[in-house]
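Thanks, everyone, for making the time this morning. I would like to walk through one model with you, going from strand pairing to a few individual residues.

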Amino acid sequence: MAAILLLIAGLIACDSTEIGESKDVNQDKIFMDYHISYTEGDENILVSLKYRFSGSAGTTLVLNEPSSVELDGVKLKVDSSEGSGAFYELNKNFTGFTGKHNIVFTDVNGKKFENSFDFGSFSLNTIPATVSRNYDLVVSYNTTPLSASDHVEISSIDTDSSFHYQQAGPNNSITIPAKEFMRQKVKTLLLDCALYREVPLAQTTTEGGSLKIFYRLKPVKIKLQP
């Protein structure tokens, strides 16, 4: 968990939070920075769309009319904060969100860029309530097929002997070695599991763009026996 949070914090720290206006920049230098995030048990999924000038870490942009962005036909309004810059966000109810969605960005010249993504389910196969410290644990998961650019991460939570493992697609399981369990002083362990997807964008400016999906599951408790 700590490793994941540090990674995210590091990425955010590198991104500009300055705010500019899209009418003032070369439209072909606008980078599309899309993030879809969900934590199991939450009511809503967060869709966060940013537009940056000159690269993935560039100045965030307010879209000046007639420029706009729509999600599934709904036009999003701009918001901003000191720590995030300018962004376009929408909370969508988790129930019924599974399936295909469409993002349409229109620049100030009226040129449209349409991109779609699929939001699929993610779950773990049954994990034994009690595991032996002397054997590896194979954690398998169910999700739509993963590509080589996607990965799943599993980390230990609240332990003095933490571990972190990552598995890229198309594999659908992660093995936690017995040595990690043998190092634990605690008798009960919490496992944090998260899915990271990178969806290729079909239509972008020459500057490009990215669409990332983050899906975290509720922590899983296991008991360790000798």
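Let me begin with a definition: two strands are said to pair if DSSP finds at least two bridges between them, and the strands themselves (E, at least two residues), like the helices (H or I, at least four residues), are DSSP runs numbered from the N terminus. Please keep in mind that this is a predicted model, in which local features need pLDDT of at least 70, side-chain atom pairs count only at pLDDT 80 or more, and totals for chains, interfaces and linings use all residues. Residues are numbered from 1 along each chain as its sequence is written, and side-chain values use heavy atoms, with hydrogens and water left out.

With that in place, consider the open sheet of 4 strands, which is ordered E6-E5-E9-E10 and pairs in the antiparallel sense. Its edge strands are E6 (74-75) and E10 (112-119), each of which pairs on one side only. Strand E5, residues 68-71, is joined to E6 by 2 antiparallel bridges, and in one bridge Leu71 has Val74 of E6 as its partner. As a general reminder, strands of a sheet pair through backbone hydrogen bonds, either parallel or antiparallel.

There is also a hairpin, formed by E7 and E8 with 3 residues between them; strand E7 (residues 78-81) and strand E8 (residues 85-93) run antiparallel and are joined by 4 bridges, and Ser80 stands opposite Ala86 in E8.

Stepping back to the whole protein chain, the secondary structure amounts to 2 helices and 19 strands, and the C-alpha atoms fill a box of roughly 65 × 30 × 30 Å along the principal axes. Of the 226 residues, 42% count as buried, where buried means under 20% relative accessible area, exposed over 50%, and partly exposed in between, with a 1.4 Å probe and protein chains only. If we take contact to mean heavy atoms within 4.5 Å, then among contacts between residues at least 6 apart in sequence, 64% join residues at least 24 apart.

Now to single residues: is Asp150, in the loop between strand E13 (137-143) and strand E14 (151-157), buried or exposed? Asp150 counts as buried because its relative accessibility is 4%. Its side chain makes a polar contact with the side chain of Arg197 at 3.4 Å, a polar contact being a pair of N or O atoms within 3.5 Å, of which, within protein, one must be able to donate a hydrogen and the other to accept it, and residues adjacent in sequence count only if both atoms are side-chain atoms. A polar atom of the Asp150 side chain also lies 2.9 Å from the backbone nitrogen of Glu198.

Arg197 and Glu198 appear again around Leu211, which sits in strand E18, residues 209-216, and whose contacts beyond four places in sequence include Arg197, Glu198, Tyr34 and Phe117. Leu211 is buried, because its relative accessibility is 1%. From Leu211 to Leu46 the separation is 165 residues in sequence and 13 Å in space, C-alpha to C-alpha.

Finally, Asp136 lies in the loop between strand E12 (130-132) and E13. Leaving aside neighbours within four places in sequence, Asp136 is in contact with Thr175, Ile176, Pro177 and Ala178, and a polar atom of its side chain is 2.8 Å from the backbone nitrogen of Ala178.
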